[in-house]
Amino acid sequence: EGSYANTRSEYEESPLQRVVKEYIQGSAYSSASRAVSYTYGVNASSEVRYWGTNASGTALVNNGYYAAGALYKVTTTDADSRVSITYTDKQGNVIESRQGSSPVLKTSYVYDKSRRLVYVITPAAQQQAESDPSNTALCYYYKYDNRNRVTEQYIPGKGSTYHVYDTGNRLVFTQDPNMRTVNRWQFIRYDKLSRELLSGLVSYG
């Protein structure tokens, strides 16, 4: 294995110098058929769903499909011939990822007008969201304040967790669904150097 204890990469012959093959450690992965390969392209029409939000960023909106060529597409085939596809927009935001072939598991990422991640549409939520975008129970959801701090995080099967910050931009209160049922918040106190000094639970109501 000594001669195969390193990795090496092959690059495309273009000014972009993108990696097209990666050989990982081990003699079992030294052949071209076991290398990780990458192919590059753009999306076709009606290939990737164009998700967005309403003006306030609080509701999911189905805008049809991205126009052909609107997204960069990278197809990765690993050493075991498993295929994954990633679509990104021109700002570098991941719009959709796909895993497998039968079935294809899609995860969509939805951003607001400020390019903040607002929804993550899980594979389990794809069909439901397409037929009824208002039903987001199986989607991850993030809400922000005017300083781009996450104030609410919704996790499918768990519910919403709330975050409160002080004027120094430090997280001081957190409340998950279990705490909410017993009227409690988790708090954090800091010293003058913003080091965590004390944390615990506080009751209200």
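1. A good place to start is the pairing of strands E9 and E10, which run antiparallel to each other and are joined over 4 bridges. In this predicted model, one of the places to look is Ser108, whose bridge partner in E10 is Ile121. Between the two strands of this hairpin stand 5 residues, and Arg115 there takes a positive phi near 65°.

2. Strand E10, which covers residues 117-121, also has a second partner to consider, for 3 bridges join E10 to E11 in an antiparallel arrangement. Here Val120 stands opposite Tyr140, a residue of E11. As for its surroundings, E10 is mostly covered, since 4 of its 5 residues are buried.

3. Thr107 deserves a paragraph of its own, and it is found in strand E9. Is Thr107 buried or exposed? Thr107 has a relative accessible area of 16%, and because buried means under 20%, Thr107 counts as buried. If its neighbours within four places in sequence are left aside, Thr107 is in contact with Ile95, Glu96, Ser97, Val120, Ile121, Pro123 and Gln126.

4. The backbone has some features that a student should check with care. Most residues other than glycine have a negative phi, and most peptide bonds are trans. Against that background, the peptide bond from Ser102 to Pro103 is cis, with omega near 0°, and Pro103 lies in the loop between strand E8 (94-99) and E9.

5. Two residues other than glycine may be examined for their phi values. Gln17, with phi near 50°, has a positive value, and it is found in the loop between strand E1 (8-11) and strand E2 (19-23). Gln17 counts as partly exposed, because its relative accessibility is 46%. Arg115, with phi near 65°, likewise has a positive value, and its place is in the loop between E9 and E10. Arg115 has a relative accessible area of 39%, so it is described as partly exposed.

6. Arg115 comes up again when we turn to the largest pocket, in which about 250 Å³ of space lies. Of the 19 residues that line this pocket, those nearest its centre are Tyr50, Trp51, Tyr66, Tyr111 and Arg115. Strand E4 (49-53) and strand E9 (105-111) are the elements that give two or more residues to the lining. Which element provides the largest share of the lining of the largest pocket? That share, 4 residues, comes from E4. In character, the lining of the largest pocket divides into 9 nonpolar, 5 polar and 5 charged residues.

7. The second largest pocket has a volume of about 200 Å³. It is lined by 15 residues, and the closest to its centre are Ser56, Gly57, Thr58, Asp112 and Arg116. Strand E11, made up of residues 139-144, gives the most to this lining, with 4 residues. The lining of the second largest pocket divides into 5 nonpolar, 6 polar and 4 charged residues.

8. Taken together, these points allow the reader to follow strand E9 through the model. E9 pairs with E10 in the antiparallel sense, contains the buried residue Thr107, and is among the elements that give two or more residues to the lining of the largest pocket. Strand E11, for its part, is joined to E10 by 3 bridges and gives the most to the lining of the second largest pocket.

Key: Residues numbered from 1 in each chain as written. Predicted model: local features only at pLDDT ≥ 70, side-chain atom pairs only at ≥ 80, totals over all residues. Heavy atoms only, no water. 1 Å grid on protein atoms, 1.4 Å probe; cavity = no way out; pocket = protein on both sides within 12 Å on 5 of 7 lines; lining within 4 Å. Points joined across faces, edges and corners; volume = space filled by probe spheres on them. Nonpolar A, V, L, I, M, F, W, Y, C, P; charged D, E, K, R; others polar. Buried < 20%, exposed > 50% of the residue type's maximum accessible area, 1.4 Å probe, protein only. Pairing = 2+ DSSP bridges. Contact = heavy atoms within 4.5 Å.
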